[in-house]
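The paragraphs below lead the reader through one protein structure, from its backbone to its empty spaces. Please keep the sequence and the model in view while reading.

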Amino acid sequence: MASRRCMQQLLLNQIKRNGIIRANNARYFSSVTEGIASSTSSSSSRHLIDLEHDYSAHNYHPVPIVFSHGKGSTIWDPEGKRYLDFLAAYSAVNQGHCHPKIMKALIEQAQTLTLSSRAFYNDKFPVFAEYLTKLFGYDMVLPMNTGAEGVETAIKLARKWGYEKKRIPKNQAMIVSCCGCFHGRTMGAISMSCDNDATRGFWPLLPGQLKVDFGDEAALKKLFEEKGEHIAGFLFEPIQGEAGVVIPPDGYLKAVRELCSKYNILMIADEIQSGIARSGRMLACDWEGVRPDVVILGKALGGGVIPVSAVLADKDVMLCIQPGEHGSTFGGNPLASAVAIASLQVVLDEKLAERSAEMGEELRRLLTKTQRQFPEIMMEVRGKGLFNAVELFSKSLFPANAYDLCIKLKERGILAKPTHNATIRLTPPLSISLDEIREGAKAFHDVLEHDLPKLVKEKPKPTAPKAQNPCDRCGRELYG
């Protein structure tokens with residue numbers, strides 16, 4: 001009896017202690033959340049930048065501006081200052097920030113059903129699958145979320161097709177990609193990369209990779225002749241984005257199509273950035289009227305609202321993947337499917353491909369006019385549609401660089417981002433107005449005329465010469 005009373009007292013004491021702990025925890029978490037709420041409601045740009053620095057991984061080096069509100073091509077920071085967005089989230093916001101038709105689709109679907117997983121059917125993905133495949137002229141789609149996931153999907157699909165249909169011997173399938181490519185930062189994607197920052201420290205990389213110079217038809221033909229029996233796919237960007245909006249020579253895409261057909265190799269176009277009207281066509285491959293075997297889409301497919309990616313192919317390729325061999329819990333979810341349909345309808349209804357072509361011509365005209373005034377600074381203006389870049393002479397910028405110029409552009413209300421040391425991408429939303437194009441081009445001119453001379457004069461010069469950083473794969477200085 002005494003032992004029973006002792007046990008009961010121990011239990012009562014434990015319950016009492018747990019109650020005190022829970023009360024203390026509640027008071028602690030309440031104070032923490034109240035602190036967070038008060039912090040976010042009155043946060044300045046400087047405070048928010050400091051918070052991100054303190055609590056987020058340092059895997060980006062952003063231009064120091066905080067997005068607080070967006071509409072069309074315009075961004076406002078927490079202090080209410082207005083900017084024009086000339087990056088468009090790397091082409092994810094082709095339709096413009098917070099497009100009302102896309103937001104309407106998002107809100108309506110979010111109030112009905114957001115996720116089923118692919119363990120069950122839902123009533124939105126089948127509609128999206130039919131819409132997307134008919135729009136681009138393919139039999140089937142495999143839905144994913146991010147662009148990098150789409151690339152990984154295409155790699156797996158090509159290998160599986162290579163073993164099942166082409167009869168490549170086990171463990172010998174190869175993927176060919178281009179020097180200067182960018183396909184994401186997952187392991188499969190960086191295994192194709194020539195960017196040392198993306199690959200160093202992450203070895204061993206995925207085997208079965210071959211490299212060829214972008215735009216070099218003869219080199220591609222030679223590689224196919226020598227190793228074609230073991231090559232499953234050629235995965236490439238029709239326009240290289242991260243390399244600095246590099247346009248291939250005229251006829252290159254047609255030559256790629258002919259070579260892939262001749263050697264029974266899948267032509268895999270990464271249209272994540274260049275597709276969905278960015279280049280002035282629905283797909284950049286449309287400029288030469290070629291049809292890849294596999295197309296990877298992403299970014300603007302989600303309208304800047306939600307991650308949506310997709311891999312398109314015909315049945316003889318796509319059905320090499322069977323249940324259990326690939327998938328994604330969120331791929332093809334009803335929310336993403338509804339948003340993607342609305343995003344594509346906006347592109348078609350507002351003729352954004354045609355608009356991109358027209359506005360891109362005007363932007364390049366204005367930039368070329370500036371180049372004639374500053375030929376010693378601007379090496380090249382290049383692009384298609386609103387997929388554009390300006391390459392600068394590094395020596396003319398020294399000791400400044402393209403990032404410094406982007407800071408000065410920001411101070412003049414234009415948001416752009418450098419790629420490597422001497423190239424600035426100019427890729428605004430496709431909904432941008434003619435006046436906004438002119439505003440951006442004028443700011444670029446004014447930075448070169450007024451800000452760059454001060455930068456060159458005032459920025460401290462490094463005491464040691466810049467270290468060479470040749471590509472680990474080929475030994476060349478790709479991004480000098």
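In which loop does Pro-204 lie? The model to be searched is a predicted one, and in it Pro-204 lies in the loop between helix α8, residues 196–199, and strand β6, residues 209–212. The peptide bond that leads from Trp-203 to Pro-204 is cis, and its omega is near 0°. A second cis peptide bond can be examined in another loop: Phe-398 and Pro-399 are joined by a cis bond with an omega of about 5°. Pro-399 is placed between α14 (394–397) and α15 (402–411). Such bonds deserve attention because most peptide bonds are trans, just as most residues other than glycine have a negative phi.

The angle phi also provides points of interest. Ser-117 is not a glycine, yet its phi is positive, at about 65°. This residue belongs to the loop between α4 (100–110) and α5 (125–136). Is Ser-117 buried or exposed? Its relative accessibility is 19%, and the limit for a buried residue is under 20%, so Ser-117 counts as buried. Ile-276, also not a glycine, has a positive phi of about 55°. Its place is the loop that runs between β8 (266–270) and β9 (294–297). Because the relative accessibility of Ile-276 is 2%, this residue too counts as buried.

The discussion now turns to a helix. Helix α12 covers residues 334–349, 16 residues in total, and spans 22 Å from its first C-alpha to its last. That length is close to the 22 Å expected at 1.5 Å a residue. How many residues of α12 are buried? The number is 13 of the 16, so the helix is largely enclosed by the rest of the structure. At the start of α12, a side-chain oxygen of Asn-333 comes to within 3.1 Å of the backbone nitrogen of Leu-335. Just after the helix, Lys-351 adopts a positive phi of about 50°. In another helix, α16 (residues 434–458), one finds His-445. With a relative accessibility of 17%, His-445 counts as buried. Its side chain is joined to that of Asp-446 by a polar contact of 3.1 Å.

The strands come next. Strands of a sheet pair through backbone hydrogen bonds, and the pairing may be parallel or antiparallel. One open sheet in this model consists of four strands in the order β1-β2-β3-β13, with mixed pairing. The edges are occupied by β1 (69–71) and β13 (414–415); each has a single partner strand, so one side of each is left without a neighbour in the sheet. The pairing of β1 with β2 (residues 74–76) is antiparallel and extends over three bridges. Within β2, Thr-74 stands opposite Lys-71.

Strand β9 offers another example of pairing. It runs parallel to β8, to which three bridges join it. It runs antiparallel to β10 (residues 309–313), with four bridges between these two strands. Val-295 takes part in both pairings: it is the bridge partner of Ala-269, and its own bridge partner in β10 is Leu-312. Which residues cover the two faces of β9? Val-294 and Ile-296 are on one side, Val-295 and Leu-297 are on the other, and all of them are buried.

Finally, the empty spaces may be considered. Rolling a probe the size of a water molecule over the atoms shows where empty space is left. A search of the whole structure finds two cavities of 30 Å³ or more. The second largest cavity holds about 30 Å³ of space. Its lining includes Phe-128, Met-144 and Pro-307, and also Asn-333, the residue whose side-chain oxygen was described at the start of α12. By class, this lining has five nonpolar residues, four polar ones and no charged ones.

The second largest pocket contains about 500 Å³ of space. Among the 21 residues that line it, Arg-118, Val-141, Leu-142, Pro-143 and Ile-321 lie nearest its centre. The elements that give two or more residues to this lining are α5 and β4 (140–144), and β4 supplies the largest share, five residues. The pocket lining is made up of 11 nonpolar, seven polar and three charged residues.

Technical notes. Residues are numbered from 1 along each chain as its sequence is written. This is a predicted model: local features need pLDDT of at least 70, side-chain atom pairs count only at pLDDT 80 or more; totals for chains, interfaces and linings use all residues. Side-chain values use heavy atoms; hydrogens and water are left out. On a 1 Å grid over the protein atoms alone, a cavity is a set of points where a 1.4 Å probe fits but cannot get out, and a pocket is an open set with protein on both sides within 12 Å along at least five of seven lines; lining residues have an atom within 4 Å of a point. Grid points are joined across faces, edges and corners, and a volume is the space filled by probe spheres set on the points. Ala, Val, Leu, Ile, Met, Phe, Trp, Tyr, Cys and Pro count as nonpolar, Asp, Glu, Lys and Arg as charged, and the others, Gly among them, as polar. Buried means under 20% relative accessible area, exposed over 50%, partly exposed in between (1.4 Å probe, protein chains only). The expected span of a helix is 1.5 Å times one less than its number of residues. A polar contact is a pair of N or O atoms within 3.5 Å; within protein, one must be able to donate a hydrogen and the other to accept it, and residues adjacent in sequence count only if both atoms are side-chain atoms. Two strands pair if DSSP finds at least two bridges between them.
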